[in-house]
Amino acid sequence: MKSICSFYFLLFLQVSCISQSYTKLKIPSNYKRVNSLSEKFVGEKIDSLNAKAFQLSKALPENFNTQGKVDYTAIIQDVLNNNVVVNFPNCPLLINSTGLTLKSNSTLLFPKNSKLVAIGNNLPSYEILRIHDVSNLSLYAPTIIGERDLHTSTKGEWGMGISIRGSEDVKVYNATISNCWGDGIYIGSGKGPNINIVIENASLDNNRRNGISVISAINLQIISPLISNTNGINPMAGIDIEPNTNGEELQNINIINAITFNNKNRGILLALNNFYGHTIKDISINILNHTDDQSGFAIGMSLDSQKDLNRNSVQGRINIKNSLWKKSKISPIQFYDLKNDRIKVDFTNSVIDSKSTTTAQMLGIKLKYKDFDWVKFK
């Protein structure tokens, strides 16, 4: 008992220390994704889309600024309102705090050097790309640069790169999103839950709140994301699965081949405290082949209800398979509020890289997880 108490005291000290400092790290080259349109999406499909795409540059003024120094938000929005396939110019464009609203049955193409660059503002909440209550939408290789370094207020945490709410059949391929005041990508409720959403090969770096927030979705695929250097305001997770109310949905959520690197608090967080209520909710979450490198915790879980009356209202399964957690700044795994035995958590083949873990951490880990046969040490 004394050694276990010593471990938790050490853990408390480690949490206190990490909460006071953070250093952004360079992303290792072997983690980086291929994110340009031309490198990943070649051949007949893109050629066909390009052939029928409206060239956004034709709607911009003659000799328009190609250095991202002039705000063309209103012109861009008009083009998006009146065309179903749009090819952005191969240069940066400024976007003001109004953001861009996307419509159903649309496809947006972003060539290699295109960027949407947010103008600094003082708003607590906004979206650079807004996908709300629409269907059948595809984005190819958008690059979004947020305005966290230019923000003129300290209030709020909801400045989103891409906001997807209440939408269906949305695909986002090869997105690069950085420096947002809130989340890189927010997946929340609109008139209903999101249905059939695919986020593939995204790179999300230095966003202030979360890389990706998953609030409400049915059939969500997050495939091969690289989420790094998330820091600024809690939760500060690479991926945060966290419903706001009992009215949300978390069905068939699949996170596959995710790399989370140097996120301040957690690589992946599952926080279901606010999900409980009068309606029974079934959850299904699969996390496969997750690698975390140098986040505070590789994975954290808070699965209990804050209200005893509704403790049995959430049920289902969380599968976590083939994880590799290394150089965790606090500990590889964070468990708290795990009183709900109606949620089955299955860990399979989870590996903690002992070569990159301190002796004190290893002692604590072995004490804490001594009865868990799913933990292995490499």
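This is a short dialogue on reading a few features of a predicted model.

User: Let's start with the backbone. What is usual for phi and for peptide bonds?

Analyst: Most residues other than glycine have a negative phi, and most peptide bonds are trans. Exceptions are worth a look.

User: Which residues does the cis peptide bond join?

Analyst: The cis bond joins N234 and P235. Omega there is about 15°. Now place it in the fold. P235 lies in the loop between β18 (226–228) and β19 (237–241).

User: Which residue has a positive phi of about 60° although it is not a glycine?

Analyst: That is N322. Find N322 in the loop between β26 (314–321) and β27 (324–326). N322 is partly exposed, with a relative accessible area of 30%.

User: And what is phi of K327 near?

Analyst: Phi of K327 is near 55°, a positive value, and K327 is not a glycine. K327 sits in the loop between β27 and β28 (331–336). Its relative accessibility is 40%, so K327 counts as partly exposed.

User: Next, charges. When can side chains of opposite charge pair?

Analyst: They can pair when their charged atoms come close. For a salt bridge, the cut-off is a side-chain nitrogen of Lys or Arg within 4 Å of a carboxyl oxygen of Asp or Glu.

User: How many salt bridges does this rule count?

Analyst: The count comes to 6 salt bridges. Let's take R209 and E157. Their side chains meet in a salt bridge, at 3.4 Å from N to O. R209 lies in the loop between β15 (203–205) and β16 (210–214), and E157 in the loop between β9 (143–145) and β10 (158–165), so the pair ties together parts that are 52 residues apart in sequence.

User: Is R209 buried or exposed?

Analyst: R209 is buried, with a relative accessible area of 9%. The cut-off for buried is under 20%.

User: Which side chain meets R209 at 2.7 Å, N to O?

Analyst: The side chain of D183 does, in a salt bridge. This pair links distant parts of the chain: R209 is in the loop between β15 and β16, D183 in the loop between β12 (176–178) and β13 (185–188), 26 residues apart. Both R209 and D183 are buried. Put the pairs together: E157, D183 and R209 are linked in a network of salt bridges.

User: What about D346? Which residue forms a salt bridge with D346?

Analyst: R317 does, and the closest N and O atoms are 2.2 Å apart. D346 lies in strand β29 (residues 343–348) and R317 in strand β26, so this pair ties together parts that are 29 residues apart in sequence. Check exposure too. D346 is partly exposed, at 30% relative accessible area. R317 is also partly exposed, at 38%.

User: Last topic, the inside. How do I read a nonpolar core? How many residues has the largest one?

Analyst: Look at the size, then at the residues with the most contacts. The largest nonpolar core has 72 residues. Those with the most contacts inside it are F88, I162 and L270. Strand β7 (residues 125–132) gives the largest share of this core, 4 residues.

User: Which residues does I162 touch, not counting those up to four places away in sequence?

Analyst: I162 touches L129, I131, L139, I144, V172, I177, G184, I185 and Y186. Another core, of 7 residues, lies apart from the largest core. Among its residues are I46, L49, V85 and Y173.

Terms used: Residues are numbered from 1 along each chain as its sequence is written. This is a predicted model: local features need pLDDT of at least 70, side-chain atom pairs count only at pLDDT 80 or more; totals for chains, interfaces and linings use all residues. Side-chain values use heavy atoms; hydrogens and water are left out. Helices (H or I, at least four residues) and strands (E, at least two) are DSSP runs, numbered from the N terminus. Buried means under 20% relative accessible area, exposed over 50%, partly exposed in between (1.4 Å probe, protein chains only). A nonpolar core is a set of buried Ala, Val, Leu, Ile, Met, Phe, Trp, Tyr and Cys residues joined through side-chain atoms within 4.5 Å. Contact means heavy atoms within 4.5 Å.
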